[in-house]
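Open the model in a viewer and keep the sequence panel visible. The stops below are meant to be selected in order.

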Amino acid sequence: MKTNITILLLLITLSVAAQEKKDYSSKVTTIDSTVATLYSVISGDKEEARDWDLFKHLFRKDAKLIPIGVKDGKTTVRYMSPSDYIKTSGNWLQQNGFHEIEIKRETQTFGNLTQVFSTYEAYKSKDDKAPFMRGINSIQLFNDGTRWWIINLYWKQESEDFPIPEDYLPKN
């Protein structure tokens, strides 16, 4: 009987510990920490798991991720929740490896409203010499007095028709 109670208490303790959320508060205290966390949480080597709980923690309720793309020959946008992004891109990121690196940033802030224009390069491995993709992330953030939230993440990949303008690239 004593053994059964001990096992039951152990299982309850393990269950409660597993349900406790990690403290991600240090990841969203500044604009810099929030944007750096965004880049780091989606980046990783092939077969490396991503911390999707941390990813979701970055976004305010009802936030949208909005890629610009081409479908049936027409330029379009797609609206996703953070969970939608995980479902559509999570496996690809892990199976292929993906490291997104910010190479230039322009930030504009008015009160608790911030717009970050962040130019990026993407690599499949940390050891790659050249990026396989570049683009610009437009990140809208809101500070509620406690932390920074990503409200929208809107992005476009560079293409032959739309190269990244020199103003958004690092100066050599």
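Two strands count as paired if DSSP finds at least two bridges between them. This is a predicted model, and the tour starts with its strand pairs.

**Stop 1: the hairpin.** Select strand E5 (residues 133-143) together with E6; 9 bridges join them, and the two run antiparallel. Within this pairing, leucine 141 stands opposite isoleucine 150 of E6. The two strands form a hairpin with 4 residues between them. In the turn, pick glycine 145, whose phi is positive at about 95°.

**Stop 2: the other partner of E6.** Add strand E1 (residues 59-71). E1 and E6 run parallel and are joined by 5 bridges. Select proline 67 to find one of these pairings: its bridge partner in E6 is tryptophan 155.

**Stop 3: a link from the turn to E1.** Show the side chains of aspartate 144 and arginine 60, which form a salt bridge with the closest N and O atoms 3.9 Å apart. Aspartate 144 lies in the loop between E5 and E6 and arginine 60 in strand E1, so this pair ties together parts that are 84 residues apart in sequence. Aspartate 144 counts as partly exposed, at 35% relative accessibility, and arginine 60 is partly exposed at 33%. A search of the whole structure gives 6 salt bridges.

**Stop 4: two positive phi values.** Most residues other than glycine have a negative phi. Select aspartate 62 in E1; its phi is positive, about 70°, although it is not a glycine. Its relative accessibility is 60%, so aspartate 62 counts as exposed. It also takes part in a salt bridge with lysine 61, with the closest N and O atoms 3.6 Å apart; both residues are exposed. Next, move to aspartate 72 in the loop between E1 and strand E2 (74-77). Here too phi is positive, near 55°, and the residue is exposed, with a relative accessible area of 74%.

**Stop 5: valine 35.** Is valine 35 buried or exposed? Select it in helix H2 (residues 31-42): at 1% relative accessibility it counts as buried. Beyond its neighbours within four places in sequence, valine 35 is in contact with Glu102, Arg105, Val116 and Ile139. The C-alpha atom of serine 118 is 9.0 Å from that of valine 35, while the two residues are 83 apart along the chain.

Two of those contacts, glutamate 102 and arginine 105, are worth displaying. Their side chains meet in a salt bridge of 2.9 Å, N to O. Glutamate 102 counts as partly exposed at 26% relative accessibility, and arginine 105 is partly exposed at 26%. Add Asp32 to see a network of salt bridges linking it with Glu102 and Arg105.

**Stop 6: threonine 119.** Select threonine 119 in strand E4 (residues 113-123). With a relative accessible area of 1%, it is buried. A polar atom of its side chain lies 2.6 Å from the backbone oxygen of tyrosine 168. Leaving aside neighbours within four places in sequence, the contacts of threonine 119 include Tyr39, Ile101, Glu102, Gly135, Ile164 and Leu169.

**Stop 7: a surface patch.** Finish with Val77, Tyr79 and Tyr154, which form a nonpolar patch on the surface with about 290 Å² of accessible area together. Tyrosine 154 belongs to strand E6 (residues 148-157) and counts as partly exposed, at 35% relative accessibility.

Notes. Residues numbered from 1 in each chain as written. Predicted model: local features only at pLDDT ≥ 70, side-chain atom pairs only at ≥ 80, totals over all residues. Heavy atoms only, no water. Patch = residues over 30% accessible without salt bridge, like charges linked within 9 Å, V, L, I, M, F, W, Y side chains within 5 Å. Areas by Shrake-Rupley, 256 points an atom, 1.4 Å probe, with all protein chains shown as cover. Salt bridge = Lys/Arg side-chain N within 4 Å of Asp/Glu carboxyl O. Buried < 20%, exposed > 50% of the residue type's maximum accessible area, 1.4 Å probe, protein only. Contact = heavy atoms within 4.5 Å. Polar contact = N/O pair within 3.5 Å; in protein donor to acceptor, adjacent residues only side chain to side chain.
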